[in-house]
Amino acid sequence: MLSFFKINGKVPMHGEIKVQGSKNAVLPMMAASVLNKGITVIKNVPMILDVFCMIHILEDLGCKVTLENEIVVIDSSVITNTEISEKWVGQMRSSIMLLGPLLSRCNEAKTYFPGGCSIGERPIDLHLKALEQLGASFKEEGNQIIGRTKKLKGSTICFAFPSVGATENAIMAAVYAEGTTIIQNGAREPEIVQLCLFLNEMGANISGIGSSTIVIEGVTKLRDVQFTNCGDRIVAATLLSAAAICGGDVLVEGVEKEDLLYCLDALESVGCEIKSEKDKTYLLRRYPLKSINRLVTSPYPGFPTDCQSQMMAVLSLANGVSTIEETIFEGRFNTANELKKMGADIIIDEEKNTATILGVKRLRGTTVKALDLRGGAALVLAGLGAGGVTCVTDCHNILRGDTHFAEDIRSLGMDIVLCEEERIK
Ligand code: UD1
């Protein structure tokens with residue numbers, strides 16, 4: 001059912017909140033469960049559509065899966081199928097994560113080209129090249145990709161760009177590969193650290209965790225594992241940005257402060273006061289928002305592309321001119337046009353991939369469209385800071401990654417409800 005968020009803005013935010021488990025950490029861990037010829041238990045699993053989709057895929061492959069009270073139990077003793085159905089690939093790009101584990105365990109994997117999406121082209125060449133370097137070969141039949149190997153073998157993989165997904169795929173594929181795999185210029189996002197810790201708990205032999213050079217010694221056997229997923233750092237940063245836009249204060253719990261570093265720096269630059277300790281971050285915004293001269297998205301530990309749209313919403317109301325340069329996904333500025341409908345003054349330079357944001361005194365509520373998960377969250381934030389009523393349509397794009405988004409924000413004193421689409425027509 002199509003639905004929209006209705007927001008009455010201009011209410012200061014107050015309260016405490018614990019964030020859900022990380023989407024981007026749990027999806028690769030669930031994919032990696034295929035490596036284990038036994039039982040995998042993951043706790044603190046967010047109850048979101050992407051997780052449900054991953055469960056469907058695992059069931060199609062022959063796994064038995066239950067999800068209850070944010071705990072997923074995956075029995076992958078028997079894999080009966082190595083094809084990921086096109087239907088799931090269309091729904092969730094992260095299904096590509098299964099390529100590495102399937103090739104590693106079954107010597108075969110079949111999937112489909114994921115195609116473009118609303119934040120840009122998102123090719124998979126780095127995934128395929130890394131797996132080829134480990135001994136897989138791929139052929140294309142129509143839109144299908146079929147990967148096969150006699151047996152994966154350790155190798156040195158040097159990424160031209162530190163792709164998060166391709167690094168994860170290479171790590172998972174290398175777990176059973178014969179000999180040593182060295183990944184150079186790999187991504188080092190906290191979610192990759194989680195995946196490596198999880199795999200080591202399962203009996204893998206991975207070192208260099210958290211660095212850009214990751215070494216995997218192939219093993220022949222894994223064991224059952226129980227692991228607790230980390231909190232979602234992007235959701236935490238989104239809630240902190242919401243408090244920045246509304247004014248007031250919020251205590252966000254469940255994400256280590258180190259994982260939020262660049263986001264907290266940016267929020268301090270716009271004038272927020274922040275205190276953080278271990279997995280608790282307190283943000284207070286008392287004074288008018290200030291602009292940021294230049295904010296550049298980059299791979300971890302840089303400012304995350306997944307927080308860029310939310311920061312654009314914040315900067316729309318800042319005093320002065322800010323510039324954002326997006327270096328990861330070319331389509332991530334699409335949300336600017338929606339923000340402009342609310343009165344934001346933003347100029348996009350498509351050649352330089354920059355957005356110049358001239359802060360305005362106020363945004364006004366209107367109907368805008370959530371084009372992707374983070375861009376949609378940014379529009380909700382803008383609605384919270386705007387005068388009047390804002391309707392954010394297509395909010396399934398937000399709910400895909402954060403089912404409780406409206407409830408969480410409402411629990412912090414905000415006026416936001418989830419409504420059915422028909423009612424605004
Ligand atoms: C992951 C995150 C996503 C986040 C992104 C960047 C998950 C489930 N998703 O996505 O939320 O925004 O990291 O932090 O964890 N690229 C190629 N060829 C490839 C793969 C990627 O050219 O084979 C390019 C992409 O088009 C993009 C850049 O590399 O421009 C970064 O993509 P990547 O790091 O792979 O992101 P994802 O793993 O898809």
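**Charges, overall form and Ser-95**

The protein has 43 positive and 51 negative side chains, with the centres of the two sets 1 Å apart. Lys and Arg count as positive, Asp and Glu as negative, while His and the chain ends are not counted; each charge is placed at NZ of Lys, CZ of Arg, CG of Asp or CD of Glu.

This is a predicted model, in which local features need pLDDT of at least 70 and side-chain atom pairs count only at pLDDT 80 or more, whereas totals for chains, interfaces and linings use all residues. Residues are numbered from 1 along each chain as its sequence is written, and side-chain values use heavy atoms, leaving out hydrogens and water.

Q: How do you know whether the radius of gyration agrees with that of a compact globule?
A: The rule, 2.2 Å times the number of residues to the power 0.38, is applied to C-alpha atoms. For 425 residues a compact globule would have a value near 22 Å; the protein has 21 Å, so the two agree.

Q: Why is Ser-95 called buried?
A: Buried means under 20% relative accessible area, exposed over 50% and partly exposed in between, with a 1.4 Å probe and protein chains only. Ser-95 has 1%, so Ser-95 is buried.

Q: What makes the link from the side chain of Ser-95 to Met-92 a polar contact?
A: A polar contact is a pair of N or O atoms within 3.5 Å; within protein, one must be able to donate a hydrogen and the other to accept it, and residues adjacent in sequence count only if both atoms are side-chain atoms. The side chain of Ser-95 reaches the backbone oxygen of Met-92 at 2.9 Å.

Q: Which residues does Ser-95 touch, not counting those up to four places away in sequence?
A: Contact means heavy atoms within 4.5 Å. With that exclusion, Ser-95 touches Ile-57, Ile-84, Trp-88 and Val-89.
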